[in-house]
Amino acid sequence: MRSRIAGTGSRLPDRIVTNRDLEAMVETTDEWIVSRTGIRERRIAADGEFTSDLALAASRHALAAAGLRAGDIDLIVLATSTPDMVFPSSACLLQKKLGIRHGAAFDVQAVCSGFVYALATADQFIRSGMHKRALVVGAEVFSRILDWKDRGTCVLFGDGAGAVVLEGSTDAGILSAHLHADGAYADILSTPGHVCGGKVLGDPTLKMDGGAVFKLAVRVLEESAHEALAANGLSVSDVDWFVAHQANVRIISHTAKKLGIAADRCVVTVDVHANTSAASIPLALDVAARDGRIQRGDLVLLAGVGGGFTWGSVLIRW
Ligand code: UT7
């Protein structure tokens, strides 16, 4: 028994913010942002639009693609670092909005590796038979935790949500998942503020050592890809689609080059989505599944990396 992706979906907020728009807000240029990151524009959630709202639209989209109704779902695993509230989890808020009153729902917090962590988790529940059909969602409103005066970070991120429906299968599906973490790197990417005594204590905006993150990301994405392929007796030439975390087009192309994966086998959406953290991989998957690139039978390699630090892979026979 494996778990296979029966449908994908996504939701981007309506508001587009271009690099030119950012030129009016911080000392930056479209040329700098494009040459250093590949990002041209990002979506920003409207006031009052929350993670669970984006997750709801992405989930409905994925359910429709799978030909299922919300009531068919008995597990929701939602990856986010920007939940609607301290609690309940955004997964429970999504469950309520979908009108589901059975099964289990919980959030996973692994920052930009969140979707890979969530998919690996849901895969275990489906393969064990404990749950029948899962919604696995990555949804974020990172615009809410950015320092809009810090040009080193505010130009990099965007909001959005992606979702997949996972169900049992006897043929195609998830071949393997490998997860890693090393908390020793906690300081190079963090949002250190917390709620205490009715106040936010510490800085509630994202802080990053961009150079250190870049180097670590390229190293662990390459290691994750090799680990996934070796565990399945496959090689780089077997990979039809490489879907890495969409943080920076240079991180994706450096990693692909080191692995020997051709540029046209890499799914890239960071140019129009920017870095949507846990939503980046399911958003990219939905784009490539809907435009016909990813076909049944294809070998799809997902590789995530993010704060924590966390990283890992999921290898899928689509
Ligand atoms: O999901 C994981 C999340 N994070 C990431 O993946 C980020 C990983 N890191 C990166 O993508 C890159 O390190 C950055 C895009 C953040 C930076 O690119 P870089 O080529 O490493 O640039 P840099 O940090 O070496 O900065 C070069 C210069 C600096 O000026 P000085 O000190 O050389 O005078 C920065 O102050 O660029 C300056 N700079 C900017 N200039 C214009 C930084 N941000 C901007 C900006 N516009 N937005």
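The exercises below, with worked solutions, concern a predicted model.

**Exercise 1.** Find which strands stand at the edges of the open sheet of four strands, and why one side of each is left without a neighbour.

Solution.
- Step 1. Write down the strand order, which is β8-β15-β14-β13, with mixed pairing.
- Step 2. Take the ends of that order: β8 (173-181) and β13 (241-244) are the edge strands, and because each has a single partner strand, one side of each lacks a neighbour in the sheet.
- Step 3. Add the twist, which averages 10 degrees from one strand to the next.

**Exercise 2.** Describe how β14 and β15 are joined, and which helix lies across them.

Solution.
- Step 1. Strand β14 (residues 299-306) and strand β15 (residues 310-317) run antiparallel and are joined by eight bridges.
- Step 2. Locate one pair: T310 in β15 stands opposite G306.
- Step 3. Helix α7 (residues 210-231) lies across β8, β14 and β15, at about 145 degrees to β14.

**Exercise 3.** Work out which elements and domains supply the largest nonpolar core.

Solution.
- Step 1. The core has 48 residues, and V155, F242 and L301 are among those with the most contacts inside it.
- Step 2. At least two residues come from each of α7, β13, α8 (249-259), β14 and β15.
- Step 3. Helix α7 gives the largest share, ten residues.
- Step 4. Domain 1 (2-170) and domain 2 (175-317) each contribute at least three residues.
- Step 5. For V155, contacts beyond its neighbours within four places in sequence include L22, V26 and I33.
- Step 6. A second, separate core has 32 residues, including I5 and V300.

Definitions and conventions:
Residues are numbered from 1 along each chain as its sequence is written. This is a predicted model: local features need pLDDT of at least 70, side-chain atom pairs count only at pLDDT 80 or more; totals for chains, interfaces and linings use all residues. Side-chain values use heavy atoms; hydrogens and water are left out. Two strands pair if DSSP finds at least two bridges between them. Axes are lines fitted to C-alpha atoms, for helices over the stretch in contact, and angles run from 0 to 180 degrees between N-to-C directions. Contact means heavy atoms within 4.5 Å. A nonpolar core is a set of buried Ala, Val, Leu, Ile, Met, Phe, Trp, Tyr and Cys residues joined through side-chain atoms within 4.5 Å. Buried means under 20% relative accessible area, exposed over 50%, partly exposed in between (1.4 Å probe, protein chains only). Domain bounds come from an automatic or database domain assignment.
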